[in-house]
Amino acid sequence: MRRMQTLRQRVSVTWSRGHGVLRRWDQVDTLTFQSQSLRDRARRFEEALRKNTEEQLEIALAPYQHLEADMKSLKQVLEMKNQQIHQQEKKIIELEKLAEKNIILEEKIQVLQQQNEDLKARIDRNTVVTRQLSEENANLQEYVEKETQEKKRLSRTNEELLWKLQTGDPTSPIKLSPTSPVYRGSSSGPSSPARVSMTPR
């Protein structure tokens, strides 16, 4: 009896242990399945996350796909702008030089204009003096012409008187002696013309 009880106890213990082992194996299988399921879910989630990340990354980088070309184009534009600025600076320097030359030329023009005005004033004064001298010259020529005519008339008269004296013309009303003023005038030549005082007009 005792052996049977002992055997039963052993079988019961063995069965209990086997049942415990089986139960543990079931738990291991369950845990293994759950672990595999979690791994699958994690893998799918990782793939979805990677795919979503790649898509978002592409969307985020889309505006910058042509960044290098834009930078190159911007660099070219900046170089062109720098060249234009350099040319503008050269033009400004040239314009400043021209402005300085213009100032110098304006000063010279003012000096020349003043000299021109001075020359005009001198010409005007010389014109007045020339006109006065021309009038005086005309008056002198007129006076000389009159004096010449008078000398010619006196010379003819003297020649007529001398001829009458030499020929003893009876038509002569008087006989002049060598001491006569007319005779002296004829021998010494015609009398000198009187000086005429003239004032400019």
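Here are some numbered notes on the structure above, which is a predicted model.

1. Start with the overall layout. The protein chain has three helices and zero strands, so you won't find a sheet anywhere, because strands would have to be runs of E in DSSP. Reading from the N terminus, the order is simply α-α-α.

2. Next, how much of the chain is tucked away? Just 2% of the 201 residues count as buried. The protein chain exposes about 18900 Å², and carbon and sulfur atoms supply 56% of that area.

3. Now have a look at helix α2, which covers residues 67-167. With 101 residues, α2 reaches 141 Å from its first C-alpha to its last, which is close to the 150 Å expected at 1.5 Å a residue. Right after α2 comes G168, and the phi of G168 is positive, near 65°.

4. There is a nonpolar patch on the surface worth finding in the viewer. L67, M71, L74, V77 and L78 make it up, and together they have about 440 Å² of accessible area. Take V77 as an example: this residue lies in α2. Is V77 buried or exposed? Neither, quite: V77 counts as partly exposed because its relative accessibility is 37%, and the partly exposed class sits between the 20% and 50% cut-offs.

5. On to the charged pairs. Side chains of opposite charge can pair when their charged atoms come close. How many salt bridges does the model have? The count comes to two, and the next two points take them in turn.

6. One of the salt bridges joins the side chains of K146 and E142, at 3.5 Å from N to O. Both residues belong to helix α2, and they are four residues apart, or about one turn of the helix. K146 is exposed, because its relative accessible area is 54% and the exposed class begins over 50%. E142, at 42% relative accessibility, counts as partly exposed.

7. The other pairing brings together the side chains of E150 and R153, with 2.4 Å from N to O. Why are E150 and R153 separated by about one helical turn? Because they are three residues apart in helix α2. Both ends of this bridge are partly exposed: E150 has a relative accessible area of 33%, and R153 has one of 39%.

8. Before you trust everything on screen, check the confidence. The mean pLDDT of the protein chain is 76, and 69% of its residues reach 70 or more. Which elements have the lowest and the highest mean pLDDT? Helix α3 (residues 181-188) has the lowest, at 41, while α2 has the highest, at 91.

9. Finally, go carefully with residues 172-201. Over that stretch pLDDT stays under 50, and the model has 30 contacts beyond four places in sequence for it. Where pLDDT is low, the predicted coordinates should not be read in detail.

Terms used. Residues numbered from 1 in each chain as written. Predicted model: local features only at pLDDT ≥ 70, side-chain atom pairs only at ≥ 80, totals over all residues. Heavy atoms only, no water. Helix = DSSP H or I, 4+ residues; strand = E, 2+ residues; numbered from the N terminus. Buried < 20%, exposed > 50% of the residue type's maximum accessible area, 1.4 Å probe, protein only. Areas by Shrake-Rupley, 256 points an atom, 1.4 Å probe, with all protein chains shown as cover. Patch = residues over 30% accessible without salt bridge, like charges linked within 9 Å, V, L, I, M, F, W, Y side chains within 5 Å. Salt bridge = Lys/Arg side-chain N within 4 Å of Asp/Glu carboxyl O. Expected span 1.5 Å × (residues − 1). pLDDT = per-residue confidence, 0-100. Contact = heavy atoms within 4.5 Å.
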